[in-house]
Every structure is written in C-alpha cells, then in structure tokens.
Amino acid sequence: MSTRRPIVAANWKMNKTQPETAEFLSAFLPLLGPACASDVVIVPPFTSVPKASEFLRNHPVVGLGAQNMHPKPNGAFTGEIGAPFLVDLGVTHVVLGHSERRQYFAESDAFINEKVRAALAAGLTPILCIGETLEERDAGRLEAVCRTQLQGGLALVAADAAPKVVIAYEPVWAIGTGRTASPAQAQEAHAFVRSVLADLFGHAIAGQIRIQYGGSMKPDNAVELMAQPDVDGGLIGGASLQPESFFAIIKAAAESVA
Ligand code: PGA
C-alpha cells in the first residue's frame, strides 16, 4: 500500500464572495474536526483569500491555496499577484497551470515552470495541473501531451524539491462536464505520470510525489477513484462548493489509506 498521504483540494474557481466563504467554512470545519487522514486545501478566488485566512491561518489540517500566481515577486505587472502577497496571507498551496488558464489565458509550459519554481522558492506547495483534451486523447496523444507538460512544468526543479510538488492529472474532457475518467482510465494515466516523474527524478522520489485526480470527481465516484494505487487525492471543482459533498470526498480519500 502507498504511504503517500492523500491530498484533497477545493478549487472554487470564480465562485464564493467573502460572506459565502465564511458561510462555507463555518459549516465545513466542524464536519472535519481536529484530525484527518488526508491533507485538505481550500482554494478560494484571490479576493476571498483574506476571509479564508481568518479561518485557516496555521490550521492543523486545512491548507489555504491560491488559484494562480505570477512568477515575479513584485513589480510592474498590473493585475497580477506574486508569492510574497500570498505568503503574507497565510497561503500554503498554489494551483498552477490549470487547464482553464492554459486554454483561456494561453499559459505556456515555460511560464508555468517559472511559477512552479517561484512557488517552491517561496515555500509554497505548487499543485501543477496537467491533462489532455478529448481531441488529444482520441488522437492517441495522451502520453505525449502529459509528458510534455510534466517535462516543461518541472524543468530545473531539483530532485530534492520535487516531493513537495503535487501533480493534478485532470483530463480536460472531464472538467465540469459530469464525465469522469473511469477508475481504470485514471489509474493508467496516473501510472504513466509516475513513470515520467521517475524518468525526471528517479523511482524513489517519484514514489513520494502525490498525484491528484481532477475532473467531475463527486462523492459517488470518489471511493473507486481514490482506491486506485496511483491516485493520491483529488482536485475538486463543482463538488467542492457544498460543505457536505466536499467532506464526503475527503472521507473517501481517508478511507483509501485506512
Ligand atoms: P470539476 O473541476 O470537479 O468541476 O470537474 C475540477 C477542476 O477543474 O479542478
């Protein structure tokens, strides 16, 4: 059995104002209680991070994430936020290279790589998102696409820093569509991702890196997905917006290592 501690993150995307953030966390934190067999991360939109921080700064179980970050710490980058601004608010994790950013904001692997390295240098845990589109999968390019995104996104990351990185494998065709990868499809892709990580950093380190599944993960499919040997948690969009459904997914992750 894997010794990797699962990590389940709530990617709220452009949802939840500050009052809504407070309402969620007031209901969610009592469900979770003081201990959990899984790491949990709440990733609100930037403007709700300060409110979430009131609840989560130095929390024993729940980390606080940001949905993006600029690689430079400060300067003339209108509209952007660098690592020191996040650290200042008690942020612990940062989602990088989400497919929505790759698709709508044309983020390249090279730019994402700058962010990954800046996040690590600032002591933040990067959650690096990768995954193929339906067109790419149908064309038999899943492995080539994931390999390119991993090699590009993790370039120049030192082997001793690599275990801190979390990879989120998110097939683009499963995000927000209600169409989930089958447990077998997820396991096959995750095992491939781990093999690329082994090429980059060696087997021992690849065995420590957590790989989340993302894409329409819900309470009713989480148990089977998390039971796969190379699935180490989830990056949850839609089902993370309600405390009960997000908590049910966390329970599934905890059971997978019980
Ligand atoms: P979804 O989103 O759970 O709504 O499919 C996952 C993600 O985009 O991180």
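1. Ser240 is found in the loop between strand E8 and helix H11, where helices (H or I, at least four residues) and strands (E, at least two) are DSSP runs numbered from the N terminus. This is a predicted model, in which local features need pLDDT of at least 70 and side-chain atom pairs count only at pLDDT 80 or more, while totals for chains, interfaces and linings use all residues. Residues are numbered from 1 along each chain as its sequence is written, and side-chain values use heavy atoms, with hydrogens and water left out.

2. Ser240 counts as buried because its relative accessibility is 0%; buried means under 20% relative accessible area, exposed over 50%, and partly exposed in between, with a 1.4 Å probe and protein chains only. A polar atom of the Ser240 side chain lies 2.7 Å from the backbone oxygen of Gly237, and a polar atom of that side chain is 3.1 Å from the backbone oxygen of Ile236. Both are polar contacts, that is, pairs of N or O atoms within 3.5 Å, where within protein one atom must be able to donate a hydrogen and the other to accept it, and residues adjacent in sequence count only if both atoms are side-chain atoms. Beyond its neighbours within four places in sequence, Ser240 is in contact with Ala10, Asn11, Trp12, Phe24 and Phe246, contact meaning heavy atoms within 4.5 Å.

3. Strand E8 (residues 233–236), which precedes this loop, is covered on both faces: Gly233 and Leu235 are buried on one side, and Gly234 and Ile236 on the other. In a regular strand the side chains alternate between the two faces of the sheet. E8 pairs in the parallel sense with E7 over two bridges, and four bridges join it, also in parallel, to E1; two strands pair if DSSP finds at least two bridges between them. Gly234 is the bridge partner of Tyr213 and also of Val8.

4. These pairings belong to a closed barrel of eight strands, which runs E1-E2-E3-E4-E5-E6-E7-E8 with parallel pairing. Neighbouring strands of this sheet are turned by 25° against each other on average, direction ignored. Helix H11 (residues 243–256) lies across E1 (7–11), E2 (39–43) and E8, and runs at about 160° to E1; here axes are lines fitted to C-alpha atoms, for helices over the stretch in contact, and angles run from 0 to 180 degrees between N-to-C directions.

5. Helix H1 (residues 18–32) has 15 residues and reaches 21 Å from its first C-alpha to its last, close to the 21 Å expected, the expected span being 1.5 Å times one less than the number of residues. Its buried residues are Thr21, Ala22, Phe24, Leu25, Phe28, Leu29 and Leu32, and what covers them includes E2, helix H2 (49–56), strand E3 (62–66) and H11. Just after H1, Gly33 takes a positive phi of about 75°.

6. Helix H8 (residues 183–201), with 19 residues, reaches 26 Å, close to the 27 Å expected. Its buried residues include Pro183, His190, Arg194 and Phe201, and among the elements that cover the buried residues of H8 are strand E5 (125–130), helix H7 (142–153) and helix H10 (219–226). Gly202, just after H8, takes a positive phi of about 95°.

7. Helix H5 (residues 109–121) holds Ala121, which is exposed because its relative accessible area is 71%, as well as Ile112, which counts as buried because its relative accessibility is 0%. Not counting residues up to four places away in sequence, Ile112 touches Leu96, Gly97, Arg102, Glu107 and Leu128. The C-alpha atoms of Ala121 and Ala161 are separated by 9.4 Å, with these positions 40 residues apart along the chain, whereas Ile112 and Arg137, 25 residues apart in sequence, are 22 Å apart in space, C-alpha to C-alpha.

8. For the whole protein, the secondary structure comes to eleven helices and eight strands, and 53% of the 258 residues count as buried. The radius of gyration is 17 Å, which agrees with a compact globule, because 258 residues in such a globule would give a value near 18 Å; the radius is taken over C-alpha atoms, and the globule rule is 2.2 Å times the number of residues to the power 0.38. Along its principal axes the C-alpha trace spans about 45 × 45 × 35 Å. Among contacts between residues at least 6 apart in sequence, 73% join residues at least 24 apart.
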